[in-house]
Amino acid sequence: MNHKILSLLVGVAMVATGTMSDPQVRFSNYPWIAPGPNDLRSPCPGLNTLANHGFLPRDGRNITVSMIVEAGFKAYHIQAEFLIRAGKVGMLTSHEAETLSLDDLKLHGTLEHDASLSREDFALGDNLHFNEEVFSTLANANPDSDYYDVTSAGQAQHARLADSIQRNPNVTNTIFQSLSRSSESASYLSVMGDPIQGVAPKRFVQIFFREERLPIEEGWKRPSVPSNVTSIGILAEQIAKVSEWQPTGDNCPAIVLAPP
């Protein structure tokens, strides 16, 4: 990917530059509870984890951008500038003026995209729930190490996209989806590991995806260094380079602006 294009797109996301005071988070106040049958969840393991721990409403309903910003900062130490961007785009999936429900985010073509690391493509089946077969691509990446890094993340993205292109005749693969995939990979490396080096223990990442739980019992700690648009953008650019991304079909970066 052209690094100037990626830098420009990441730069557009910088809608806020202020910093938030860093709280002393007592994770014992946010125990993991599996979602109940009436609780709503999204295609995003990061948001689902926040709901499962009570940083977001556990029922997955009536969520505002401000809630996402506060929850993501408390739990993951991601600064507002990145979270506001994601939250505002996510609001496009909702019928409501000021809130969304987590399952709104399954709307194909807004934040949700093909070649996910943990969900099936929309055209091929269930794009909402975790899929172990899909996740096996990342789970088995970097087999000689206990860590994931930008190289293994890029290679996993490359393999997942190749699989989608092979099986999904309706695959959507523009620069927008490429940026989304690389930013998401940079985010799990940052949240579960080191936001500067882009290295994360496999056991933490796998619990995060499979159980949608913070692996506190296994030794994970909230990163002391915050993630922001700049740090995530640097890692995303490295991941995109390794992934050797190429557009498929029409490369116009269209986005679904509202639910049907």
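Guide: A nonpolar core is a set of buried Ala, Val, Leu, Ile, Met, Phe, Trp, Tyr and Cys residues joined through side-chain atoms within 4.5 Å. Buried means under 20% relative accessible area. Keep both in mind for this predicted model.

Visitor: Which residues touch the most other members of the largest nonpolar core?

Guide: Leu138, Tyr188 and Met192 do, in a core of 48 residues. Several helices feed this core with at least two residues each: α2, α3, α4, α5 (132–139), α6, α7, α8 and α9 (229–243).

Visitor: What is Tyr188 in contact with, leaving aside its neighbours within four places in sequence?

Guide: Leu117, Leu138, Ala153, Gly193, Ala200, Val205, Phe208 and Phe209. Contact here means heavy atoms within 4.5 Å.

Visitor: Why is α8 said to be largely enclosed by the rest of the structure?

Guide: Count its residues. Seven of the nine in α8 are buried, so the helix is largely enclosed. The buried ones are Lys202, Phe204, Val205, Gln206, Ile207, Phe208 and Phe209. Three of these names, Val205, Phe208 and Phe209, also appear among the contacts of Tyr188.

Visitor: What covers the buried residues of α8?

Guide: The cover includes the helices α2, α3, α5 and α7. It also includes the strands β1 (147–148) and β2 (200–201).

Visitor: Why is Leu83 called buried?

Guide: Its relative accessibility is 8%. The cut-off is under 20%, so Leu83 qualifies as buried. Leu83 is found in helix α4. Beyond its neighbours within four places in sequence, Leu83 is in contact with Ile68, Val69, Gly72, Phe73 and Ile78. Its C-alpha lies 8.9 Å from that of Glu70, 13 residues away in sequence.

Visitor: What makes His77 stand out in its phi?

Guide: His77 has a positive phi of about 60°, although it is not a glycine. Most residues other than glycine have a negative phi. His77 sits in the loop between α3 and α4.

Visitor: Is His77 buried or exposed?

Guide: Buried. The relative accessible area of His77 is 4%, under the 20% limit.

Visitor: Which phi does Glu244 have, and is that residue buried or exposed?

Guide: Glu244 has a positive phi of about 55°, and it is not a glycine. With a relative accessible area of 57%, Glu244 is over the 50% limit and therefore exposed. Glu244 lies in the segment after α9. Glu212, just after α8, also takes a positive phi, of about 50°.

Visitor: Why does Ala254 count as exposed?

Guide: Its relative accessibility is 51%. Exposed means over 50%, so Ala254 passes. Ala254 lies in the segment after α9. Not counting residues up to four places away in sequence, Ala254 touches Gly109 and Gln177. The C-alpha atoms of Ala254 and Ile175 are separated by 9.5 Å, with their positions 79 residues apart along the chain.

Visitor: Why are Cys44 and Cys252 called partly exposed?

Guide: The class runs between under 20% and over 50%. Cys44 has 32%, so it falls in between. Cys252, at 47%, also counts as partly exposed.

Visitor: How many disulfides does the structure hold?

Guide: Zero. A disulfide is called when two cysteine sulfur atoms lie within 2.5 Å.

Visitor: What lines the largest pocket?

Guide: 47 residues, with Cys44, Phe82, Ala86, Leu111 and Glu184 nearest its centre. The pocket holds about 1100 Å³ of space. α7 gives the most to its lining, 10 residues. By class, the lining has 27 nonpolar, 14 polar and six charged residues.

Visitor: Which residues lie closest to the centre of the second largest pocket?

Guide: Arg41, Ser42, Asn48, Leu128 and His129, out of 13 lining residues. This pocket has about 170 Å³ of space. Its lining splits into four nonpolar, four polar and five charged residues.

Visitor: What makes a space a cavity and not a pocket?

Guide: A 1.4 Å probe fits in a cavity but cannot get out, whereas a pocket is open. The whole structure has two cavities of 30 Å³ or more. The second largest is about 50 Å³. Its lining is Gln157, His158, Leu161, Ser178, Arg181, Ser182, Ser243 and Trp245. α6 (150–167) and α7 each give two or more residues to that lining.

Terms used:
Residues numbered from 1 in each chain as written. Predicted model: local features only at pLDDT ≥ 70, side-chain atom pairs only at ≥ 80, totals over all residues. Heavy atoms only, no water. 1 Å grid on protein atoms, 1.4 Å probe; cavity = no way out; pocket = protein on both sides within 12 Å on 5 of 7 lines; lining within 4 Å. Points joined across faces, edges and corners; volume = space filled by probe spheres on them. Helix = DSSP H or I, 4+ residues; strand = E, 2+ residues; numbered from the N terminus. Nonpolar A, V, L, I, M, F, W, Y, C, P; charged D, E, K, R; others polar. Buried < 20%, exposed > 50% of the residue type's maximum accessible area, 1.4 Å probe, protein only.
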